[in-house]
Amino acid sequence: MPQLVTLGETMVVFDPLSTGPLRYTDQFKKRIGGAESNVALGVARLGHQVGWVSKVGNDPLGEYMVSTIRGEGVDTSKVAYDEDAPTGLYIKEKIREGTNQVYYYRHGSAASQLRVEDIDWDYLREAEIIHLTGITPFISDRCLEVAQAVASFANQHGIFLSFDPNLRMKLLKKKADHKKILLELASKANLVMPGLDEAKYLLDTDDSDQIIDYFFQHNVEHVIIKNGEVGTTFASRQGDKGFVPSFPVARVVDPIGAGDGFAAGVLSSLLEHRPLQEAVEQGALIGAIMVSTPGDIEGLPSRQEIELYKNTQGDVVR
């Protein structure tokens, strides 16, 4: 059974092979990308048993996606297939190196049809950690019900719940009460990992101490606040608190997926019962590796690649 279970939509990505306006781009590489499966793949590459729960279309893109994720060592046995709805996709536009625009084609996707009835609760009960993001609740009303039910289930059964707000403004604008929804989900989590900009959006403050105090007052045990190239502030209710500077990156190739790599580093460390500071350090290192590599999952490192990155002072040898 998996040590970690993630739940959410993954899409097929069409990644342009050149920079410039999308209307002039005619060559793409087919990839996959989704916050939750990115985390699942990252933790699996570090040697842990991981499961991913979702729904895909019964179509060639769904088959490609599931085959790819399964091939990376993630259990996909709880992925459902929808006969009527298609697998979602998105297209990247490389405005310039290191800066992307994303166009989603996910409305009415198979994953948006995921229901509470589709969840195998016995499967989730065996997990040490369940990881959710703030993307899933806004894909559809059904997905909101699923996210809320999974969070409550984790609380009821004493399962460690990790929550990354992972704000997607194109989705959030669909619900006027989106801040309330996100903060209620966060209050059910043992660990909350917002970016500083996300926390400021949700709480109207960029003061790390105030952000930490808010989540502590709402039953969160561990808070990790990411601040891009500056570094990460972390704190736990047990009194552990500190700051980890970001690893220097000579050249940002693709920023998408860095936060998911960070989460994978943190969660894999917690599965190994390592201190929170070590977990944050590993998350920061993997985030640096991710932005140095194109694609949402291609930069997720193995343990050997992590050591190689450390020994070569930031140059990823592949």
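Let's start with two strands, β9 (residues 129–133) and β10 (residues 160–164): they run parallel, and 5 bridges join them. If you want a spot to put your finger on, take Leu132, which stands opposite Phe163 in β10. Please keep in mind that what you have on screen is a predicted model.

Now zoom out from that pair of strands. In what order do the strands of the open sheet come? The order is β4-β1-β9-β10-β11-β12-β13-β14, which makes 8 strands, and the pairing is mixed. At the edges sit β4 (50–53) and β14 (241–245), and each of these pairs on one side only.

Next, the helices that lie on these strands. Helix α1 (residues 35–45) lies across β1 (4–7), β4 and β9, and its direction makes an angle of about 160° with β1. Helix α4 lies across β1, β9 and β10, running at about 150° to β9. So here is a little link for you to remember: β1 and β9 are on the list for α1, and they are on the list for α4 too.

Let's stay with α1 for a moment. How many of its residues are buried? It is 10 of 11, so the helix is largely enclosed by the rest of the structure. Among the buried ones are Ala35, Glu36, Ser37 and Asn38, and further along Val43 and Ala44. And what does the covering? The elements that cover those buried residues include β1, β3 (28–33), β4, α2 (60–71), β9 and α9. Just after α1 you meet Gly47, with a positive phi of about 95°.

I mentioned α9, so let's go there. Helix α9 (residues 258–271) has 14 residues, and from its first C-alpha to its last it reaches 20 Å, close to the 20 Å expected at 1.5 Å a residue. This helix is mostly covered as well, with 13 of its 14 residues buried. Just after α9 comes His273, which takes a positive phi of about 60°.

Why pause over a positive phi? Most residues other than glycine have a negative phi. His273 is one case to look at, and here are two asparagines to go with it. Asn166 has a positive phi of about 45° although it is not a glycine, and you will find it in the loop between β10 and α5 (169–172). Asn219 has a phi near 75°, and its loop is the one between α8 (208–217) and β12 (222–227). Are these two asparagines buried or exposed? Asn166 counts as buried because its relative accessibility is 8%, while Asn219, with a relative accessible area of 59%, is exposed.

On to the aromatic rings. A pair of rings is described by the distance of the centres and the angle of the planes. A search of the whole structure finds 3 aromatic pairs, and I'll show you two. Tyr90 and Tyr104 form a tilted pair, 5.5 Å centre to centre with 55° between the planes. Tyr90 is in strand β7 (residues 89–96) and Tyr104 in strand β8 (residues 99–105), 14 residues apart, and the pair links distant parts of the chain. Tyr90 is buried at 4% relative accessibility, whereas Tyr104, at 28%, is partly exposed.

My other example is Trp121 with Phe153, again tilted, at 4.9 Å centre to centre and 45° between the planes. Trp121 lies in helix α3 (residues 121–125) and Phe153 in helix α4 (residues 141–156), so this pair ties together parts that are 32 residues apart in sequence. Trp121 is partly exposed at 22% relative accessibility, and Phe153 is buried at 6%.

Rings can have a charge over them too. Lys30 lies over the face of Tyr64, 4.1 Å from the ring centre. The charged end of Lys170 sits over the ring of Tyr103, at 5.5 Å from its centre.

One last lysine before I stop. Lys92 is in strand β7, and with a relative accessibility of 0% it counts as buried. Its C-alpha atom is 4.7 Å from that of Val102, although these residues are 10 apart along the chain.

To wrap up, take home the open sheet of 8 strands, with α1 and α4 lying across some of its strands. Thanks for listening!

Key. Residues numbered from 1 in each chain as written. Predicted model: local features only at pLDDT ≥ 70, side-chain atom pairs only at ≥ 80, totals over all residues. Heavy atoms only, no water. Phe/Tyr/Trp six-rings, centres within 6.5 Å; stacked < 30°, edge-to-face > 60°. Helix = DSSP H or I, 4+ residues; strand = E, 2+ residues; numbered from the N terminus. Buried < 20%, exposed > 50% of the residue type's maximum accessible area, 1.4 Å probe, protein only. Lys NZ or Arg CZ within 6 Å of the ring centre and 35° of its normal. Pairing = 2+ DSSP bridges. Contact = heavy atoms within 4.5 Å. Axes fitted to C-alpha atoms, helices over the stretch in contact; angles between N-to-C directions. Expected span 1.5 Å × (residues − 1).
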